[in-house]
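Reader: I am new to this structure. Can we go through it by question and answer?
Author: Yes. Here it is.

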Amino acid sequence: MPGFTSPVRDLTFVANELHKFEDYREALGFEDADPDTIAAIFEEAGRMADEVFHPLNRSGDEEGCKLEDGKVTVPAGFTEAYKAYTESGWSSLAADPEYGGQGMPEMLSKMVGELFSATNHSLAMYPGLSHGAMSSLTVWASEEMKQTYLPKLTTGEWTGTMNLTEGHAGTDLGIIRTKAEPNADGSYAVSGEKIFISAGEHEMSENIIHLVLAKLPDAPPGTKGISLFIVPKFMVNSDGSLGERNSLKCTSIEHKMGIKGSATCVMNYENATGFLCGEPHKGLRAMFTMMNAARLGVAYEGLGAAEIAYQYAVEYAKDRTQGRSLTGTKAPEKPADPIIHHPDVRRMLLTMRSFTEGARALGCWAGMLLDISERHPDEAEKERAEDLLGLLTPVAKAFFTDEGTTHASTAMQVYGGHGYIAEWGVEQLVRDARISQLYEGTNGIQALDLVGRKLALNGGRGLTTFMKEVYKGLKAEEDNDDMKAYVEPMQAALADLQASTEWFMNNAMENADNVGSASVAYCRLFAIVATGYMWVRMVRVAKDALAAGTDEKDFYGSKLIVGKFYMEHYATERTMLRARVEAGCGTMMSMAVDAF
Ligand SMILES: Cc1cc2nc3c(=O)[nH]c(=O)nc-3n(C[C@H](O)[C@H](O)[C@H](O)COP(=O)(O)OP(=O)(O)OC[C@H]3O[C@@H](n4cnc5c(N)ncnc54)[C@H](O)[C@@H]3O)c2cc1C
């Protein structure tokens, strides 16, 4: 299996040099998150990912999870690795100090997530799900509940799950059948079957705190009748010790395409004791808290997949020799040249790299907006960050995970037939990456969230903020001749995004299917613009560093090349995407169902 080295330098670049987290540190109250500490955190996370997570990736895939007598066994080494992860403080990094957390920025927690997902997607999911559960408890649970559950989730001694999906209810959670009947003591009896529950059962932690969506007896129909319940695997006594086992169990685990080390469970609840979290029938709001945090986390899974795929591909392309370079022999001592000298192989490698570096910058921006939206003392700054984050969350989830799968496959193409053979590890990347496009809301649903909900929110305030931010950023550079190759393609892409937005304004009311027909293309166009804007800013930082005589000429110099490649390859998708938006729903909806 090829090696992996966490991209620590690039993480530090985007957090410290591009987005200058330092400028926000004081206002956000993150006294400890200075640039050196941020760099050290990336360094340490990289070590954990490279030395603990990566070596278990292949064996975890081969071994998978097993269910016997209701007990789920995870692959060998996972429990120890999880323990090392929690003991090193990764589960508590951004958690609230009031409940035992380290109180570091969410941005950092999300960014190191790239490294853990890249090196072992399955293993990273166990703490990932806990994180989603913790976000929801933090916002919606009572103080007593927080005191009961958050400290142990923070240390990782307990893990958390999200129980939304049922056999007949995936995207449409309004039709769930799981019920919650009030008990005399104020708790609830939760009954129903949930499917596809990640980390639903395992023995890596002492207890599992299930967050379950269910309906109360007087629930109104649809999504307005969903409530959220805390249903622990083991009841928690008033002194915090573990009590009897709750009446819930894992009845089977799924046999699936990838992430085989992650237990995907069918969970059966039979009058299990649950506790209402938040208000009755307001579970949808709580669910969105869980989902928004989780969606950004899933976006990072896509980025991680693309990063490891890129590294595997580069290693192979430098080593594999086939044919001679079109412009003359490059390795005369060998019978053929390394394939990295062939332009088509370079096209593949640079497509991957222009995505990963651009996405890393965009993801960092989203992570920082999350912190600003939660902690900035200035309400206007907070609101602005919330607006931008609302747009960028579905965009990043869809774009990063689409490209994660695409580039796992691009790496396979670089390997030729060898990529299809298990021993190289690339086919596992393809299988593992694919799920991220499906869960936490399919990518089609992300696009609908963007177009159907987020664009019009608060009279389009968020969209206006985004457009202005990009417009001003590009305008500031437009008179610099040496930036034209970056700025002009992005100004054209921004104009296409503007025109596509106007198309929705003119056509959505006339026929609602126009929204659904054009949303995926629009979401990608949005991502291309947002990522391209990151590239323009990165190139500026790189040029300034080079002009100042940096020692890292290769690092900054390659930003100029990779950024230009982005403009030539990704940014040029703009015309195609706009044409797809403007095609509307006419043709696709004109075909009769029976004709399919
Ligand atoms: C490995 C794995 C792990 C998972 N982990 C969890 C977990 O931990 N907790 C949990 O609760 N769930 C989990 N899920 C479930 C996952 O979130 C759902 O599979 C996902 O939300 C999609 O639901 P569905 O599979 O029922 O597809 P469906 O909702 O049936 O969708 C099928 C297709 O129709 C499209 N579609 C549906 N409705 C619309 C619409 N209104 N407009 C346009 N298109 C639409 C979808 O985009 C999709 O392409 C997991 C799933 C898997 C496979």
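Reader: In which sense do strand β6 and β7 pair?
Author: This is a predicted model. Strand β6 covers residues 207-214, and 6 bridges join it to β7. Leu 213 has Leu 228 of β7 as its bridge partner. The sense of the β6 and β7 pairing is antiparallel.

Reader: Over how many bridges do β7 and strand β11 pair?
Author: Strand β11 spans residues 264-276, and its pairing with β7 is antiparallel. Phe 229 stands opposite Leu 276 in β11. The number of bridges between β7 and β11 is 2.

Reader: How many residues of strand β7 are buried?
Author: Ser 227, Phe 229 and Val 231 point one way from β7, and they are buried. Leu 228, Ile 230 and Pro 232 point the other way, and they are buried too. Strand β7 is therefore largely enclosed by the rest of the structure, with a buried count of 6 of the 6.

Reader: Asn 271 has a positive phi; is Asn 271 buried, partly exposed or exposed?
Author: Asn 271 is found in strand β11. Its phi is about 50°, although Asn 271 is not a glycine. Most residues other than glycine have a negative phi. Because 15 other C-beta atoms lie within 10 Å and 20 would be needed for buried, Asn 271 is partly exposed.

Reader: Glu 440 also has a positive phi; is Glu 440 buried or exposed?
Author: The phi of Glu 440 is about 55°, and Glu 440 is not a glycine. Glu 440 sits in the loop between α12 (426-433) and α13. With 26 C-beta neighbours inside 10 Å, against the 20 needed, Glu 440 is buried.

Reader: Which elements each supply at least two residues of the shell around the ligand?
Author: The shell holds 20 residues, and the closest are Leu 164, Gly 170, Thr 171, Phe 196 and Ser 198. By type, the shell divides into 9 nonpolar, 10 polar and 1 charged. The elements that each give at least two residues are β3 (158-163), β5 (188-198) and α13.

Reader: How far apart do the C-alpha centres of domain 1 and domain 2 lie?
Author: The domain assignment gives domain 1 as 286-451 and domain 2 as 453-595. Between the C-alpha centres of domain 1 and domain 2 the distance is 17 Å.

Reader: Which elements give two or more residues to the side of domain 1 that touches domain 2?
Author: In this contact, 27 residues of domain 1 meet 29 residues of domain 2. The side of domain 1 that touches domain 2 divides into 16 nonpolar, 6 polar and 5 charged residues. The elements giving two or more residues to that side are α10 (343-375), α11 (379-415) and α13 (443-454).

Reader: What should helix α15 span, at 1.5 Å a residue?
Author: Helix α15 has 24 residues, 484-507. The expected span counts one less than the number of residues. The end C-alpha atoms of α15 are 34 Å apart, which agrees with the expected 34 Å.

Reader: Which helices do the buried residues of α15 pack against?
Author: The buried residues of α15 include Tyr 486, Val 487, Met 490, Leu 494 and Leu 497. Residues three or four places apart in an α-helix point the same way. The buried residues of α15 pack against α14 (457-475), α16 (513-547), α17 (553-569) and α18 (573-583).

Terms used
Residues numbered from 1 in each chain as written. Predicted model: local features only at pLDDT ≥ 70, side-chain atom pairs only at ≥ 80, totals over all residues. Helix = DSSP H or I, 4+ residues; strand = E, 2+ residues; numbered from the N terminus. Buried ≥ 20, exposed ≤ 12 C-beta atoms within 10 Å, placed from the backbone. Contact = placed C-beta atoms within 7 Å. Domains from an automatic or database assignment. Nonpolar A, V, L, I, M, F, W, Y, C, P; charged D, E, K, R; others polar. Pairing = 2+ DSSP bridges. Near = placed C-beta within 6 Å.
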